Amino acid sequence: MKKILFLLGAVVVAGCSVQQSEETDYTAFVDPFIGTGGHGHTHPGAMVPHGMIQPGPDTRIHDWDACSGYYYEDDSINGFSHTRLSGTGCADFGDFLLMPTVGKQDVSYVGEKEKAQHVAFASAFSHDNEVAEPGYYSVLLDRYGVQAEITATARTAIHRYTFPKSEESGFILDLDYAIQEQTNQIMNVEMVNDSTIRAYRRNVWWEYQQDLYFTAVFSKPFTFEVIRDTIQLENKIEPRCKALLHFQTEDQEVVMVKAAISSVDYDGAARNLADEMPAWDFDGTRAAAHNLWNDCLKKIDIDTDNEDQRKIFYTALYHTNFSPNLFQDVDGRYLGMDLKIHQGDVNDPVYTTFSLWDTHRALHPLVSILDPAQNEAYIRTLIKKGEEGGVVPKWDCGANYTGCMIGYHYVSLLADNYMKGYRNYDIEKAYKAALRAAEYDTTGITPACPTWLYPYIMPIGRKYNHEVGYVPCDKDNEAVAKGLEYAYNDWCISVLADALGKKEDAARYAQYAKNYQNYFDASTGFMRGKTLDGQWRTPFSPNHSEHRVDDFCEGNSYQWSWFVPHDIEGLAALHGGKEGMIKKLDELFTASSEMEGDNVSADISGLIGQYAHGNEPSHQITHFYNYLGQPWKTQELVDQILHTLYFNAPDGLSGNEDCGQMSAWYILNAMGFYQVCAGNPTYSIGRPLFKEATIHLPNGKDFTIRTVNNSKENKYIAKMVLNGTELTKPFFTHEQLTEGGILVIDMTDKPKK
């Protein structure tokens, strides 16, 4: 009975309910190595959907392309840590690295961390001896002759190691190891008994204070010693803390480790372990993880003869279920944004890892289709975070205000779900938090947040945005990008206010939503930086980029001049009408891809002309042609992106995954549609990739997109019929989707003009 209760508990927090397993094993269509090379920044380790713990291999640290701790081109493994950020543009964590060893344990310092091998005890490995599938990872460690296997529940991991015969077998638990360089670390490790160890670690990096507790139980007793010292790193001294465990093994002897984490305390970690991992059942845990993933993946069925596209699609769906992550212990306790412990509801868990700048565009709209209750849970979490910390965070990571990225896209998530009818949260609290996010007011921000973060959490540009109608480039960094996002965010508030009958707020924020017009320079046709006294910043080139220190954010004027998803008609008017906008839009995709600047943002990738699919500001642009009366161009461009910027390979992503956004774009567009503007529940039809795609909706209905005469050459749409009615425009609504039915699309090899 206890094991059954554990399985059900893991299901609730994962957001994917386990049902009777069907014949199709959807996990067989997933390749977790897609995105682990190139600039994808994903990780192939073992975790369940939205899991709090992410155990898996670490190959490299202090490297942008190894943000997750793993990079496919590497040939050595440092060990297996239990936390990480998969698919982000920033690195952090890598807590509690565990490495099985055979022979004398070497923890000597190896110098200034050259390429992949950063610890003395790292082991070579081969991809030929490496297996990754949803919820499971295995590799042979060549140096030690140890077979390593890992699987997980929501809050715990179980490791299974097969050792050779040796008098000197053991483990190294490395507490000072981190995927990104840490500062001011505080570490502690204790031997509870001859088979149990617990540890504590405070990281200080992108997440400015992460307190994490760890408990591990070993299936074999060990002897124990701790190495505590310091090392000299150029101009600073750093502490080290490593626990060395020793025992003897027979040939092919299996030693298992059960581990759990908590951001609350030692008791929280121990309770998580006892509740979710009561037995030494590796295979049962692996099977439960498999079932959780299969249940998430079977929400969409596709019919295709192209096995590469099937792999890309289901791996993308897999990636969209990594984050946000569970951030609450089994007893309901969690760390709040005030860095205090709170008692939450065990049936309504709190989450973290909200990359809202990225995910408001496609990930959360996708979730609103597949599992809208999950979005409602995210909104409830964000409301709590706003109450605890003073303002809803832009990028919450482990209950820390990172201050990362721009805009206040909580309002996008809220408006989109409210307008779609998903309202299981306190709307008055939610609306109050939305207004608070839009204001320039640093009062009430938790004292737990360092004062140096205030300008990032509440940038001064917000003050000017409403006072003078734009963000002056001589008063704030990334002024144009911020101003364009503020205009969209304010539009979201206006829509929400109007729906709530708050007419005065609706009118005021609708006016703020037009502030994007103040950045448009009619003489060039681009959005540009403007000083407080109304002068355009000079010199100006739309190709210019200086990463995070110019008027734009991870992009240039070519890419950002189109971020007006809420008012495409108004944007066209700035260009002199639809024809003028079409001409300028054509230029975007045909211009030279050359960049200017001494430090061009590495995020500008996946280029078609100056369109950059590898980063989010461009993601809505291809569908603008639908609004301008030239849908065949949307179809051409979506087809090009689907076929040339996503691959069934480790470097299969043209930019970093960004917590599911890159994959969510693929899922929606491969099925044949995309939501251009979250908050407006309308879908724009593009170029369906498959013979048929069926979404199994949470209300029990199905929505199917069926194509006729679909092929690589037949990429254009000749006719669209939704539930027996021919569509005259390439759009349908969220309400029509949730009613279920069939959208039949006839394809042809010639554009229908």
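This presentation covers the cores, two helices, the open and closed spaces, and two single residues of one predicted model.

The model is predicted, so local features need pLDDT of at least 70 and side-chain atom pairs count only at pLDDT 80 or more, while totals for chains, interfaces and linings use all residues. Residues are numbered from 1 along each chain as its sequence is written, and side-chain values use heavy atoms, with hydrogens and water left out.

Let me begin with the nonpolar cores. A nonpolar core here is a set of buried Ala, Val, Leu, Ile, Met, Phe, Trp, Tyr and Cys residues joined through side-chain atoms within 4.5 Å. Buried means under 20% relative accessible area, exposed means over 50%, and partly exposed lies in between, with a 1.4 Å probe and protein chains only. The largest core has 140 residues, and those touching the most other members are Phe313, Tyr410, Met671, Phe673 and Leu743. Its largest share, 13 residues, comes from α12. Helices (H or I, at least four residues) and strands (E, at least two) are DSSP runs, numbered from the N terminus. A second core of 56 residues lies apart from the largest one and includes Val107, Ala122, Phe247 and Ile261. As general background, nonpolar side chains in soluble globular proteins tend to be buried together.

Which residues does Phe313 touch, leaving aside those up to four places away in sequence? They are Ile300, Ile302, Tyr666, Ile667, Ala670, Met671 and Phe690, where contact means heavy atoms within 4.5 Å.

I turn now to two helices. Helix α8, residues 410-419, has 9 of its 10 residues buried, so it is largely enclosed by the rest of the structure. The buried ones are Tyr410, Val411, Ser412, Leu413, Leu414, Ala415, Asp416, Asn417 and Tyr418. Tyr410 also appeared among the core residues that touch the most other members. The cover over the buried residues of α8 includes α5 (356-359), α6 (363-370), α7 (372-389), α9 (427-438) and α12 (479-499). After α8 comes Gly421, with a positive phi near 90°.

Helix α6, part of that cover, is itself largely enclosed by the rest of the structure, because 8 of its 8 residues are buried. These are Leu363, His364, Pro365, Leu366, Val367, Ser368, Ile369 and Leu370.

Next, the spaces. On a 1 Å grid over the protein atoms alone, a cavity is a set of points where a 1.4 Å probe fits but cannot get out; a pocket is an open set with protein on both sides within 12 Å along at least five of seven lines; and lining residues have an atom within 4 Å of a point. Grid points are joined across faces, edges and corners, and a volume is the space filled by probe spheres set on the points. For residue classes, Ala, Val, Leu, Ile, Met, Phe, Trp, Tyr, Cys and Pro count as nonpolar, Asp, Glu, Lys and Arg as charged, and the others, Gly among them, as polar.

The largest pocket holds about 880 Å³. Of its 38 lining residues, Cys90, Trp206, Cys404, Met405 and Arg548 lie nearest the centre. By class, this lining has 19 nonpolar, 10 polar and 9 charged residues.

The second largest pocket has a volume of about 720 Å³. It is lined by 30 residues, and Asn626, Tyr627, Lys729, Pro730 and Phe731 are the closest to its centre. Strand β35 (716-722) is one of the elements that supply at least two lining residues, and β35 gives the most, with 4. This lining divides into 15 nonpolar, 7 polar and 8 charged residues.

How many cavities of 30 Å³ or more are there? The count comes to 9, and the largest has a volume of about 170 Å³. Among its 18 lining residues, Met52, Gln54, Phe93, Phe327 and Thr352 are the closest to its centre. The lining has 7 nonpolar, 9 polar and 2 charged residues. Strands β13, β16 (253-262) and β18 (325-326) each supply at least two of them.

Finally, two single residues. Thr215 lies in β13, residues 210-218, and counts as buried because its relative accessibility is 8%. Its contacts beyond four places in sequence include Ile197, Lys258, Tyr266 and Leu273.

Asn556 sits in the loop between β27 (544-546) and α14 (557-560). Is Asn556 buried or exposed? At 0% relative accessibility, Asn556 counts as buried. Its side chain joins that of Gln610 through a polar contact of 2.9 Å; such a contact is a pair of N or O atoms within 3.5 Å, where within protein one must be able to donate a hydrogen and the other to accept it, and residues adjacent in sequence count only if both atoms are side-chain atoms. Asn556 and Ser545 are 11 residues apart in sequence, with a C-alpha to C-alpha distance of 5.4 Å.
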